[in-house]
Amino acid sequence: MNSTAINAYTNVAIDTNVAGADPHKLILLLYQGALLAICSAKNNMLRKNIPAKGKSISHAILIIESGLKSSLDKNVGGELANNLSALYDYMNQRLMVANLKNDVAALDEVSTLLTELKGAWEQIGPVSLQTRQQNASSPIPQTNPVKHAPAALTYGRV
């Protein structure tokens with residue numbers, strides 16, 4: 001299979017995932033896309049393919065800035081949304097440093113941060129939201145209520 005066919009398949013698969021995704025899934029797709037772009041940047045950096053490295057880093061920055069950060073709802077998410085916004089700014093600064101200085105460690109740092117955020121976001125998925133709603137309507141008091149509701153509402157503009 002040639003690279004054109006592979007790229008076409010990838011684009012169709014991504015479009016299909018996005019079209020059928022709920023807001024929670026869209027955020028996960030954004031995390032995944034940013035992580036893939038950083039992985040591609042690292043591979044291209046190690047191969048000394050400077051144009052491809054720059055393109056991948058630019059793509060990661062775009063996903064973080066125009067996808068993850070711009071979908072934050074600071075009115076609802078409050079301090080958490082503001083902290084995430086600042087963290088996304090920091091990640092983008094580190095990605096620019098990685099691009100300018102061919103700094104693999106900066107790419108790894110941002111990748112680690114995104115992986116941790118993605119894992120946390122997976123933990124508060126739709127199943128967790130449904131469970132919290134069921135627990136809220138339950139006549140039996142919960143001794144250890146889940147306190148992720150503000151995080152679930154942080155991304156309000158998806």
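**Salt bridges and nonpolar core**

In this predicted model, Lys-42 and Asp-108 form a salt bridge in which the closest N and O atoms are 2.9 Å apart, a salt bridge being a side-chain nitrogen of Lys or Arg within 4 Å of a carboxyl oxygen of Asp or Glu. The pair links distant parts of the chain, since Lys-42 belongs to helix 2 and Asp-108 to helix 5, 66 residues apart; helices (H or I, at least four residues) are DSSP runs, numbered from the N terminus. Lys-42 is partly exposed, with a relative accessible area of 26%, and Asp-108 is likewise partly exposed, at 30%, where buried means under 20% relative accessible area, exposed over 50%, and partly exposed in between (1.4 Å probe, protein chains only). Side chains of opposite charge can pair when their charged atoms come close.

The structure holds 5 salt bridges in total. Another of them joins Arg-94 to Glu-109, with the closest N and O atoms 2.7 Å apart, and this pair also links distant parts of the chain, with Arg-94 in helix 4 and Glu-109 in helix 5, 15 residues apart. Glu-109 counts as partly exposed, at 26% relative accessibility. Within helix 3, Lys-69 and Glu-65 lie 4 residues apart, about one turn of the helix, and form a salt bridge whose closest N and O atoms are 3.7 Å apart. Lys-69 counts as buried at 19% relative accessibility, whereas Glu-65, at 33%, counts as partly exposed. Glu-65, Lys-69 and Asp-89 are linked in a network of salt bridges.

The largest nonpolar core, a set of buried Ala, Val, Leu, Ile, Met, Phe, Trp, Tyr and Cys residues joined through side-chain atoms within 4.5 Å, contains 27 residues, of which Tyr-31, Ile-64, Tyr-88, Leu-95, Leu-107 and Leu-114 touch the most other members. Two or more residues of this core are given by each of helix 2 (23–46), helix 3 (50–69), helix 4 (74–101) and helix 5 (104–123), and the largest share, 9 residues, comes from helix 2. When neighbours within four places in sequence are left aside, Leu-95 is in contact (heavy atoms within 4.5 Å) with Ile-38, Ile-57, Ala-60, Ile-61, Ile-64, Leu-107 and Val-110.

Residues are numbered from 1 along each chain as its sequence is written, and side-chain values use heavy atoms, with hydrogens and water left out. As the model is predicted, local features need pLDDT of at least 70 and side-chain atom pairs count only at pLDDT 80 or more, while totals for chains, interfaces and linings use all residues.
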